[in-house]
Amino acid sequence: MLAQIGKEAGVKYVDKLRDDDLPSRPGDPDHSYLGLMKTDFVTMVSSLKGDASGLSAFDSADVVNDSADYPQ
């Protein structure tokens, strides 16, 4: 339904934003809230035809030290 509305409005419907599903794998630097925000912002900026290269290059590894155990 939303894709059809976007098509009729002449815009691209993007459904790749995350709300609670963390990107990457457990233990990876981007598998965090900060990584989730980075992924969402890159998706939004890119979808709006902006340059997200600076944000894409941001390394969240130095920001969050994730020492949690992620049983899978």
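**Figure 1. Overall view of the chain in the predicted model.** Of the contacts in the chain with a separation of 6 or more, 36% are accounted for by residues 24 or more positions apart. The secondary structure of this predicted model consists of three helices and zero strands, and from the N terminus on the elements follow the order α-α-α. The C-alpha trace spans about 45 × 30 × 10 Å along its principal axes, and the radius of gyration of the chain is 15 Å, whereas a compact globule of 72 residues would have a value near 11 Å. Buried residues make up 17% of the 72 residues, while the accessible surface comes to about 5700 Å², of which 54% belongs to carbon and sulfur atoms.

**Figure 2. Close-up of a nonpolar surface patch that includes Met44.** Leu17, Phe41, Met44, Leu55, Phe58 and Val63 together make this patch, which covers about 510 Å². Among these residues, methionine 44 has its place in helix 2, the element formed by residues 33-47. With a relative accessible area of 35%, methionine 44 is partly exposed, a value that falls between the limits of 20% for buried and 50% for exposed residues.

**Figure 3. Close-up of tyrosine 70 and the residues in contact with it.** Tyrosine 70 lies in the segment that comes after helix 3, which is formed by residues 53-56. Once its neighbours within four places in sequence are left aside, tyrosine 70 is in contact with Pro26, Gly27 and His31. Tyrosine 70 nevertheless counts as partly exposed, because its relative accessibility is 30%. Glutamate 8 is 62 residues away from tyrosine 70 along the chain, and the C-alpha atoms of these two residues are separated by 43 Å.

**Figure 4. Close-up of serine 24, a residue with positive phi that is not a glycine.** The phi angle of serine 24 is about 65°, and the residue is located in the loop that lies between helix 1, formed by residues 2-9, and helix 2. Because its relative accessible area is 43%, serine 24 is classed as partly exposed.

**Figure 5. Close-up of lysine 49, a residue with positive phi that is not a glycine.** Lysine 49 is found in the loop between helix 2 and helix 3, and its phi angle is about 65°. The relative accessible area of lysine 49 is 71%, so this residue is exposed.

Definitions and conventions:
Residues are numbered from 1 along each chain as its sequence is written. This is a predicted model: local features need pLDDT of at least 70, side-chain atom pairs count only at pLDDT 80 or more; totals for chains, interfaces and linings use all residues. Side-chain values use heavy atoms; hydrogens and water are left out. Patches are made of residues with over 30% relative accessible area and no salt bridge: like charges are joined within 9 Å, nonpolar side chains (Val, Leu, Ile, Met, Phe, Trp, Tyr) within 5 Å. Accessible areas come from the Shrake-Rupley method with a 1.4 Å probe; for residues, only the protein chains shown count as cover. A salt bridge is a side-chain nitrogen of Lys or Arg within 4 Å of a carboxyl oxygen of Asp or Glu. Helices (H or I, at least four residues) and strands (E, at least two) are DSSP runs, numbered from the N terminus. Buried means under 20% relative accessible area, exposed over 50%, partly exposed in between (1.4 Å probe, protein chains only). Contact means heavy atoms within 4.5 Å. The radius of gyration is taken over C-alpha atoms; the globule rule is 2.2 Å times the number of residues to the power 0.38.
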